[in-house]
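Please read the following points with the coordinates open beside you. They are meant as a colleague's remarks on packing, strand pairing and exposure.

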Amino acid sequence: MANQRLRALLRWTKWADWAIAAVGFTIIIFVLTFFFDSSSTDGAASSVNLPASDLVDLTLLHNAEDRGALCLDGSLPGYHFQKGFGSGSNNWLLHIEGGGWCNTIESCSTRKTTALGSSNFMERQVSFSGILSSDPSQNPDFFSWNKVKIRYCDGASFAGRPESEFKNGTNLFFRGQLIWEALMDELLSVGMSNAKQAFLTGCSAGGLAAVIHCDDFRERLPQHATVKCLADASFFLDDTTMDNIKRSMVPHFQGVAKSLDRNCLSRMGNSRCLFPREFIKNIRTPVFIVNPAYDFWQIRNILVPDVSDPQGYWQTCRLNIHSCNPNQLEILKGFRNSLLNALSEFQQKNEAGMFVNSCYIHCQTWMAETWHSPSSPRINSKTIAESVGDWYFNRGAVKLIDCPYPCNPTCYNMDFTRH
C-alpha cells in the first residue's frame, strides 16, 4: 500500500522542458504551472486493492451547472464525502487535493483531458487515509469527523474568474471561485452549517487554495465554531529579482488577482500576493504550515532541474538525498535557509503552527506512512498528526523546526532509484 501511494507522488516529478538556471527556485511560480501533466499528490493510485469499506464515492456538485461552477472542460466538479460519527458528528475536515496550475491555453487544454481538469476522468471511488482516515490509530484527533476530499479541476487553486475566459473558441472554463462558492453552499446545506469545529486543509496547490480561502471559510461558518486551516507543502518561494512581467502572468491568466487578499494587493501588487509569504501575513484565521525543508519536487524541478545540469552532476543527488556530496548538501542547506527565512515572520504570530522537518518528500498529511504511523517522521518525538492535533485543540504551542539533514533518523525520504 505504501508503495502504491508513493508511486502517486512520482507523477509530480516530470521535469520541465524549458531552460532554467541552477538557481531556478526564483521562478517557482512558472514551474508550478507545469504540474498540469501530472496527477494529484493525493494519490490516484491509492484506491487500488482496498476493501470496499475504505473507499469513498465521488459526488458531483449539485446545481453546479446552473451556477456556472464548472471544471476546465465544462464538466461538473466533484468531491468525496464521509459522514462523521459519535463525538465528531458536528465537526468537519475538508482536504483539497493538489495538482499545480495551468497558465497557458495549451497547458489548460491538456489538463482538461485529465482528472485535474474534468470530472469525466476522476476515479469514482478513492481511499481516505492519513488526515482523512476513520481509523483512530492512523488519525487520532479527526477520525470521527465529517470528512470531505475536494477534487481539484480548475487549474488555479479555486481562484479563477469567468471574466478571464477566452472568447475565441478555446472552450476553457475558468470557474474556480464559483466552484468554491457552490461547494461551500452545498456542504453547508448538508450539515456543515451546524459545525462546532472545522478544519480546512490541502496539499501543494490544494494547500495554497486552503490559505487563499481560509478567511472566507471562517466567515461562512457559525461564529461560535472553532475554525482553522492547514497548508501542506504549499509554501512556495518567490524572489524579488524575478522579471515583473513573467511573475504577473499567472495572477492575470485566470483572473486570480480578484480572489487574493486585498490588503496584500494594495501593499505589494498582483505579482507577489500569490505567494504565501506575502498574503499569509493578513490571514486572520489560525493557520498551520506543514512543509519539508527539502521538498523533493522543488529540489528536483526548481533548484536543480535536469536541463540545468547537462553534465549530470546532480543526477544521483536528485534521485536520493543520501547520495548528495558535501558541496551539494551545502546548496540544499541554503535552500532550507531560504524557506526558514520566508517563514520567520509567520513564526512570530501567536496562533500560528509549524512543522518543518528535514525530509526529502512532498506532501505528508494524506498518507498514513507520513501523517501518523510507527515509522512516521517526528520532531521532538511527535508525529505530524500529534503536532497538528496539539495545535488545533490548544494543547500547547507547536512551532517545530527540524535540525538540518541528516540529523533526523525518522525521516521518510523518497528514493527515486527504486522506481
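1. Setting aside neighbours within four places in sequence, Phe217 makes contact with Leu94, Trp180, Met184, Met192, Ala198, Phe199, Leu200 and Val227. Since this is a predicted model, the list should be read as a property of the prediction, and that caution applies to the points below as well.

2. Phe217 also appears in the largest nonpolar core, which holds 89 residues; together with Leu94, Leu187, Met192, Val287 and Leu332, Phe217 is among those that touch the most other members. Apart from this set there is a second, separate core of 22 residues, in which Val56, Leu132, Phe288 and Tyr392 are included.

3. Leu94, one of the contacts of Phe217, points from strand β3 in the company of Trp92 and Ile96, whereas Asn91, Leu93 and His95 point the other way, and all of these residues are buried. The strand, which spans residues 91-96, is accordingly described as mostly covered, with 6 of its 6 residues buried. In a regular strand, side chains alternate between the two faces of the sheet.

4. Which strands pair with β3 in the parallel sense? One is β6 (residues 197-203), which runs parallel to β3 and is joined to it by 6 bridges; within β6, Phe199 is the bridge partner of Leu93. Another is β5 (residues 146-150), paired with β3 in the parallel sense over 5 bridges, and here Ile150 of β5 is the bridge partner of Ile96. Phe199 thus links two of these remarks, as it is also listed among the contacts of Phe217.

5. Val290 lies in strand β8, which covers residues 287-295. Is Val290 buried or exposed? Val290 counts as buried because its relative accessible area is 0%, and the cut-off for that term is under 20%.

6. The surroundings of Val290, again without neighbours within four places in sequence, consist of contacts with Leu230, Ala231, Asp232, Ala233, Phe355, Gln364, Thr365, Ile384 and Val388. For Ala231, which stands 59 residues away along the chain, the C-alpha separation from Val290 is 6.2 Å.

7. Arg418 offers a contrasting case of accessibility: located in the segment that follows β10 (399-401), Arg418 is classed as exposed because its relative accessible area is 70%, where the cut-off is over 50%. Between the C-alpha atoms of Arg418 and Asn320 the separation is 9.6 Å, although the two residues are 98 residues apart along the chain.

How values were computed:
Residues numbered from 1 in each chain as written. Predicted model: local features only at pLDDT ≥ 70, side-chain atom pairs only at ≥ 80, totals over all residues. Heavy atoms only, no water. Helix = DSSP H or I, 4+ residues; strand = E, 2+ residues; numbered from the N terminus. Buried < 20%, exposed > 50% of the residue type's maximum accessible area, 1.4 Å probe, protein only. Contact = heavy atoms within 4.5 Å. Core = buried A, V, L, I, M, F, W, Y, C linked by side-chain atoms within 4.5 Å. Pairing = 2+ DSSP bridges.
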